[in-house]
Every structure is written in C-alpha cells, then in structure tokens.
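Trainee: I'd like a close look at one spot in this model, and then how the rest fits around it. Could you take it slowly?

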Amino acid sequence: MRLYDTVRGEVVPFEPGPEVSMYVCGITPYDATHLGHAFTYLTFDLVIRRLEDLGHTVRMVRNVTDVDDSILSKARELTVDYRSLAAVEMAHFDADMAALNMRPATAEPWATLSIEPILDLIQRLSDAGHTYTVDGTTFFDVSTDDDFGSLSGYDEDTMLALAAERGGHPDDPRQRNPLDFVLWQPSANDEPAWNSPFGAGRPGWHIECSAMAMANLSDTIDLHGGGDDLVFPHHECEDAQTRGATGGLLARHWMHVGMVAYEGTKMSKSVGNLVFVRMLRNLHDPRALRIAMLGHHYRAGFEWFDADIDDGVTRLDRLVDAERRPCGPDPAPTLAAVRAALDDDLDAPTARDAIDVLAGAIIANAGDDPTAPAGLREATGLLGIHLDETPPGDAPSGT
Ligand SMILES: [Zn+2]
C-alpha cells in the first residue's frame, strides 16, 4: 500500500510487518456523532479492511477522551455528571459506528481509566527535564524539544494561531513559551481530581493520547491518525511528549483526514452546522451513507449536500439489484482495480467507480460468467458494504 504521510509530505510506501499497530484519536463523548467523525473513522476502517485483505493482523486502538475541558463544561451546562454524559454519548457513538459497519477497535481505553500510565509518562518527562510546574499546573517546555514543529511543518505564527484556536493558551503568563502546553492541572471544585506527585488534578488533553497509545500498543506504532484539525497542536504535542520520554518516534506514519463542510462552512459545533449520523441512518439504509462518503478522497475533505444521501440510496439499489442477477462479466479485473485503487493512497472514489461499472455491466446482461455477482459482493466487501446482509442498526430500508 502507498499512503500519504503528514511528516514526509508525500505518498510513500506503507509496509508494516504482519501485525500492524494503529492508533486513531477517538471522540470526546459530549455530543452526537456527525459526518466529520464518520468520514474520519470510515477512512481508517478502509485501511484496516485492506490491510486484513493483504493478510495483516491489525490492532487498532481508539481512545475515549472522557475527561477534558469540553466534556466537563458540557456536563456543567447540562447539570449532569460527566461520566453519565460520556456513557450515554458513547452508547450512541457505538450504535452509529456499528450501523456504518465500522470494524470495532481492538481496545478502547478511556482516559479516566488510564490515569496511571498518564502520570507515569508525565513523571518520565519530568525526570528528563521537559516539564515545569507553576501554581499546580505542570507544563511541557517546548524549548527542550529541538524537533517541536517537525510533524506539522508549520511556522511559529501558524502554530500560535492554531494553539489559541484549539484549546491552548499562548497568552498564559505562567508559561515560559507561548507554545508550552498543559500536562497536568488542578481541577475546579466541581471537576474530578486524582492525586498525583504533581498535585491533585486532572490530565491535559494531549498527554492522554500519548500515554494510551504507548500503554495499549507500544512506544513506537506503525500508524497514527485522526482528523486533519488534530495535526496541530494535538498530534504535534503527542509526538513531542513521546519523543521526550523515549527518545524515539511515536508513529512511523501519520495519516490525516480532511474536514467535512455543510452549508458552505466546515462542520463544527460552534457554527452549529452539524449533520448527525443518527438522523441520517434513521431515515435511510446506513449503507447508502457509507456509499455516499466513499465518493470523496479522504485527504480532500468535502461539502455534504442533503441530496448526497439520495445518490447513495440510488447507488445501493443498483448494487443490490446487480448482486441478485445470475451472471455478468468476469469480475477479476474489477477486484484488481478496487485493490489497486485502495493501495494508491486509499482512492475510494476510483474503487467505487470500478464497482459501479461492474454493477452496470451485470444489470445490462453483459457476459455470462456466473461468478460475477459473487465478485461484486467481494468487491463491495473491500469497501465494507455487505450487499447480502441486512444492515445492523435500527434503520428501515431506504431502498
Ligand atoms: Zn488524540
């Protein structure tokens, strides 16, 4: 397989060993799953399916950020316990992922159940001279890391702007450098707190993922990914933390997924233009949603239009129709084309086109090869679409 690597800035061979270790940043469970989440997890699902097709065993770890600023403030707003909020939203997330036929994570560590490895990692960073503590808050000192910025490749102004936008506090006068970030902090009165050598408190966001990746996989993993809004600061900081503690890389390959827009703007909670997976799958066969998203390359991102789901339904109807026919052309070239497209930086749109061409030929009675319908099933299976099964979830058929 060849995949784009964020660090090298180009499409490079991705050649892991028989066992592949993969860490994908999970959700902060304080709201419903939207199409941006679904597109990101679909991307890594396709990687897993193709790697398994190539004979690899994949260990995919996806964390649950069940304690951070956003979930605590939402719990406060709703006057509920943050753990209840997390439990409810995770149940919804799991149902959404199952409906979309995503392969489950091998392990799904929750941050609140990973405090020990988080504190161990902060201790290692402290021992190595990468931290300082002011008023009970322990920061990572980026001046101790010569390679800070090497993952994103961003200049200082860009890093400062993104840090301010995405949870950092460059203006905090307690910080030695504006790009320093929190590893451990005191909790507010109504927030959970854990005892630690750094004082009672709770972890910063970035340290959670480094610690959970290292604890559940290994110090250096094959592939780390997430949405491209995580490149900086989240992944840059994760990378710096692991490097600071182990001297080695956190990941050999970094993969980032483009954002989904709606009504002209990137889908985001603050803009209020979220399209929720649950809403769509309650109205339509969830396979149609998967097919609709497969029409977009993962790195490009895309704008979602309401009519896109209708196109997905039409395409699904055609595939189901073709799969029930007795014969068609030799499906081998289609299977080869689908695999080649996936190996070419996960080119799902080209793979989907190849499958559509085969379905069209079967429906047009072109060819008398009785393996054509089975070949079509196999090809769609590579994209995680099972034509001969009732989809999971509670959705009515949209076909
Ligand atoms: Zn993460």
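Trainee: What is the relative accessibility of Asn177, and does this residue count as buried or exposed?

Mentor: Quick ground rules before we zoom in. This is a predicted model, so local features need pLDDT of at least 70 and side-chain atom pairs count only at pLDDT 80 or more, while totals for chains, interfaces and linings use all residues. Residues are numbered from 1 along each chain as its sequence is written, and side-chain values use heavy atoms, with hydrogens and water left out.

Now your residue. Asn177 counts as buried because its relative accessibility is 19%; buried means under 20% relative accessible area, exposed means over 50%, and partly exposed is in between, using a 1.4 Å probe and protein chains only. Asn177 is placed in the loop between helix H5 (156–165) and strand E7 (181–185). Those labels are DSSP runs numbered from the N terminus: helices are H or I with at least four residues, strands are E with at least two. Setting aside neighbours within four places in sequence, Asn177 is in contact with Tyr132, Asp141, Val142 and Ser143, where contact means heavy atoms within 4.5 Å.

For comparison, try Gln123 in helix H4 (residues 115–127). Gln123 counts as partly exposed because its relative accessibility is 28%. Its contacts, again leaving out neighbours within four places in sequence, are Pro197 and Phe198. Gln123 also gives you a feel for distance: its C-alpha atom and that of Cys327 are 64 Å apart, with the two positions 204 residues apart along the chain.

Let's step back to the domains, whose bounds come from an automatic or database assignment. That assignment gives domain 1 (18–260) and domain 2 (315–383). The contact between them takes 8 residues from domain 1 and 8 residues from domain 2. Their centres, taken over C-alpha atoms, are separated by 38 Å. About 690 Å² is buried between domain 1 and domain 2, with carbon and sulfur atoms giving 63% of it; buried area is the accessible area (1.4 Å probe) that two parts lose on being put together, summed over both. On the domain 1 side, Leu46, Arg50 and Asp53 lose the most area to domain 2, together 71% of what that side buries.

Charges turn up here too. The rule finds 2 salt bridges across the interface of domain 1 and domain 2, a salt bridge being a side-chain nitrogen of Lys or Arg within 4 Å of a carboxyl oxygen of Asp or Glu. Have a look at Arg50 and Asp343, whose side chains meet in a salt bridge at 2.7 Å, N to O. Helix H1 gives the most to the side of domain 1 that touches domain 2, with 6 residues.

H1 (35–53) pops up again around helix H9: what covers the buried residues of H9 includes H1, helix H3 (82–99), helix H8 (277–283), strand E13 (302–304), helix H10 (308–323) and helix H12 (348–363). H9 (residues 286–293) is largely enclosed by the rest of the structure because 8 of its 8 residues are buried. Among them are Arg287 and Arg290, along with Leu289 and Met293. At the start of H9, a side-chain oxygen of Asp285 comes within 2.8 Å of the backbone nitrogen of Arg287.

H10 is also home to Glu323. Glu323 is buried because its relative accessible area is 11%. The side chains of Glu323 and Arg377 are joined by a polar contact of 2.6 Å; that term means a pair of N or O atoms within 3.5 Å, where within protein one must be able to donate a hydrogen and the other to accept it, and residues adjacent in sequence count only if both atoms are side-chain atoms.

Last stop, some backbone oddities. Most residues other than glycine have a negative phi, and most peptide bonds are trans. Leu346, though not a glycine, has a positive phi of about 55°, and this residue lies in the loop between helix H11 (332–343) and H12. Asn365 isn't a glycine either, yet has a positive phi of about 60°; you'll find Asn365 in the loop between H12 and helix H13 (372–382). Leu346 counts as buried at 2% relative accessibility, whereas Asn365 is exposed at 59%. Finally, Phe232 and Pro233 are joined by a cis peptide bond, with omega about 0°, and Pro233 is found in helix H7 (residues 231–246).
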